[in-house]
Structures are given as structure tokens and as C-alpha cells.
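Work through the exercises below with the model open beside you. Try each task before reading its solution.

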Amino acid sequence: MSFYIAGTGSALPEKVISNDDLAQFLDTSDEWIYTRTGIRRRHVLTHERLDDLAIQSAKTALEDAKITGEELDLILCATMRGDTYTPSLACVIGEAVGAHAPAFDVNAACVGVLYCMEVADAFISSKKAKNVLIVAAEAMSKLVDWTDRATCVLFGDGTGAMVVRAGEGRLSGVLSTNPDSKVIRMPNIEGLNSPYNCVEQEKLAIYMDGGEVYKFAVNAMGKNIEQVCERAGLTPADVDWYLPHQANVRIIDASLKKFHIDKSKALLNISECGNMSATSLMVLLDEYAKKGTFRPGDKLLLVAFGAGLTSGAVLVEWKKASVG
Ligand code: UT7
């Protein structure tokens with residue numbers, strides 16, 4: 001016994017920034033950004049708090065799953081950080097939805113949702129939980145250096161959520177880490193006003209070696225697709241829908257090419273949202289679920305890579321009735 005996806009939700013900031021908007025203050029262009037990445041626009045936090053959007057996503061997913069917060073047995077939040085270091089964002093969400101379940105954050109960067117799904121599987125298959133809420137929330141606009149054109153143009157902000165419930169649906173999962181603390185790095189605040197701290201503060205912004213991440217991503221996504229299919233006794237051709245991490249269209253194309261997968265099976269929203277780290281997969285899932293793209297019995301493969309360097313894939317069978 002594992003889980004099936006019973007409900008989804010998402011909430012994005014109101015403000016949308018186009019590539020042309022960025023070209024107003026950066027030495028960049030819509031042409032460069034779109035042809036190198038597939039990104040046209042991204043949502044950016046202005047007056048909203050990340051916590052509030054995450055709560056909104058969670059409430060929508062609970063409603064969609066037709067359960068209340070009180071019925072939850074576990075809350076997991078994939079995030080690099082919420083609006084507070086402590087309590088965790090998962091606890092903040094738990095309070096807002098009226099839950100009394102154990103709640104904690106998971107930081108596996110862009111792969112966070114897949115790590116949460118595998119933690120949910122462990123709780124559910126060992127009968128410690130029946131209903132699990134998984135939320136993803138990232139405020140990338142507050143982590144990037146807005147003078148660094150090589151990174152800030154890539155990211156966007158957003159939140160999403162899913163409820164997974166005990167039952168048949170998850171077919172297999174694979175997680176891995178190829179430890180590397182330099183290729184993508186976002187330092188924490190060092191010392192603040194501790195009179196004892198002698199460690200120098202690193203620059204507070206995301207650093208990324210784009211080329212190295214690109215090579216890792218293509219290999220890791222290909223390997224994870226192969227492994228997760230093998231574990232489920234399937235081939236990549238048996239998958240109905242690919243939901244890849246939305247970092248770069250060229251990375252997605254290159255990793256699917258190996259399996260001669262028809263491009264129309266790969267779902268995308270990168271042009272409108274950019275890379276929202278852990279949130280990307282969740283918003284993608286909610287968007288296409290609400291569009292009625294998935295039919296009961298469809299096989300969905302979620303695959304991602306990110307800082308750590310982490311990677312993973314989860315294969316699920318869609319159980320919900322079609323929308324519309
Ligand atoms: O969620 C995981 C996070 N990260 C990723 O997934 C990133 C993975 N990597 C990538 O997606 C790509 O490596 C990038 C999109 C980051 C970069 O694409 P690229 O084709 O590898 O470009 P590049 O880094 O080799 O840069 C080519 C040129 C450079 O100029 P020179 O040295 O050739 O004169 C850059 O300075 O493009 C320049 N450049 C830009 N030009 C205009 C870099 N950023 C920009 C920009 N606008 N925004």
C-alpha cells in the first residue's frame with residue numbers, strides 16, 4: 001500500500017515580469033533569454049508574503065481532495081526557507097489549515113517535492129499516515145543577485161500543493177545525491193551580531209556554474225527516468241506524461257531525446273513561470289490537472305535535479321476523475 005494523488009493546488013504572486021522588463025536594467029534581451037532557456041516571463045513577490053500564498057495553495061489542494069486540515073496525518077513543505085527560519089513553513093501551514101499533524105520542511109532544492117513524495121510513501125506504507133499534505137514554496141526573487149544576469153533571469157516565485165492519500169497510485173520512486181557544495185550555492189546569514197563569530201559572511205546570493213549544472217542535469221534526468229521506469233517494470237515509452245523540472249527547455253529536450261520520447265508528452269510552463277525551484281513541478285502538476293490533461297490510468301513521470309546536487313524521479317498512476 002502506498003499513495004495516490006487526491007488533490008492539487010497552486011498560488012502565484014500577482015506581479016509578472018517579462019524578459020523585456022529585465023532588459024530595462026540588465027545587459028540582456030528577450031532573444032537571449034528565450035533561445036537559451038525557453039523563459040518569457042516569471043512571477044515575482046511584491047506585496048505578498050510567501051507563507052500566505054503557500055497557505056492558499058494548501059487550502060485549494062485540501063478542498064480538491066475533499067478533506068479538512070484536521071484529517072491530515074503529516075505535513076511536508078519543500079522549501080529552501082519560508083518567511084521564518086523557525087517555525088518551519090510546514091508548521092505555519094498546519095496552523096492555518098487547523099491541523100495537529102507532525103509537520104516539517106524538507107530542503108532538497110528543486111527536487112524537494114520528489115523527496116517529500118518519497119517521505120510520504122515511507123510514512124504511508126509503514127501505516128504511520130493516511131493523508132499527507134505536501135506543499136512547495138520558494139521566493140527565488142529574494143535569493144538571487146539582481147545585478148547578475150547569468151542567474152536572476154532564470155528564476156521565478158511561486159507555491160503549490162498536493163494531498164496524497166493511502167491507496168494504489170505510486171508505482172516507483174528514485175532519489176539520489178551527487179554531493180557538491182560549490183556548483184550551486186546560496187550561503188546562509190553568518191553570525192548576525194554574535195560578538196563571538198569570526199567567520200566572514202559570504203555574499204548573500206545564489207551562485208551557480210550554469211555549464212556544470214547543465215551537464216549534471218541532462219545525465220541525472222536521463223538516468224533517473226531509466227531507473228524509475230525499470231523499478232516499475234515499465235519502459236520510458238509506456239509513460240503518458242513527463243513532468244520535468246522547469247529549469248531550461250534545452251535540458252528537458254536533451255534528456256528526453258535519449259529515449260526518443262515524443263516532445264508532446266513533456267509538459268511545460270517554463271515560458272510563463274521560469275524556474276521556481278521545488279515549486280515548479282507542483283505548479284505544473286496542478287496546472288495540467290486543472291486543464292483536464294490527465295485521464296484515470298495515465299502514467300505520470302515527475303523528474304528533477306537541483307542544488308546538492310540532488311536528483312530524483314517518481315512515477316505515479318493518475319487516479320482522479322478527469323476535469324470537464
Ligand atoms: O534548478 C537548477 C538551477 N540551474 C539550472 O538549471 C541552470 C543550468 N544551466 C543553464 O540553464 C545554462 O547553462 C544557462 C542558461 C545558465 C546559460 O546558458 P549557456 O548557453 O550555457 O550560456 P553561457 O553561460 O555559456 O554564456 C554564454 C554567453 C556569455 O557571454 P560570453 O562569455 O560568451 O561573451 C555570458 O556572459 O552569454 C552571456 N550571458 C548572457 N547574455 C545575455 C549570460 N547570461 C546572459 C543574459 N543575457 N542573461
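The exercises that follow concern a predicted model and the contact between its two domains.

**Exercise 1. Find the domains and state how far apart their C-alpha centres lie.**

Solution.
Step 1: Take the domain assignment. Domain 1 covers 2-168. Domain 2 is written as 172-190 + 202-317.
Step 2: Compare the C-alpha centres. They lie 15 Å apart.
Step 3: Count the residues in contact. Domain 1 brings 49 residues and domain 2 brings 46 residues.

**Exercise 2. Describe the area buried between domain 1 and domain 2.**

Solution.
Step 1: Read the total. About 3,600 Å² is buried.
Step 2: Split it by atom. Carbon and sulfur atoms give 66%.
Step 3: Look for the leading residues of domain 1. C110, L114 and Y115 supply 17% of the area that this domain buries against domain 2, more than any other three residues.

**Exercise 3. Which polar links cross the interface of domain 1 and domain 2?**

Solution.
Step 1: Search for salt bridges. The rule finds two across the interface.
Step 2: Check the pair K203 and D145. The salt bridge cut-off is 4 Å. Their closest N and O atoms are 2.6 Å apart, and K203 forms a salt bridge with D145.
Step 3: Turn to polar contacts. Across the interface, 24 residue pairs qualify.

**Exercise 4. Which element gives the most to the side of domain 1 that touches domain 2?**

Solution.
Step 1: List candidates with two or more residues there. Among them are strand 1 (2-11), helix 3 (50-65) and helix 5 (112-125).
Step 2: Pick the leader. Helix 5 gives the most, with six residues.
Step 3: Sort this side by residue type. It divides into 26 nonpolar, 14 polar and nine charged residues.

Note on methods. Residues numbered from 1 in each chain as written. Predicted model: local features only at pLDDT ≥ 70, side-chain atom pairs only at ≥ 80, totals over all residues. Heavy atoms only, no water. Domains from an automatic or database assignment. Contact = heavy atoms within 4.5 Å. Buried area = accessible area lost by both parts, 1.4 Å probe. Salt bridge = Lys/Arg side-chain N within 4 Å of Asp/Glu carboxyl O. Polar contact = N/O pair within 3.5 Å; in protein donor to acceptor, adjacent residues only side chain to side chain. Helix = DSSP H or I, 4+ residues; strand = E, 2+ residues; numbered from the N terminus. Nonpolar A, V, L, I, M, F, W, Y, C, P; charged D, E, K, R; others polar.
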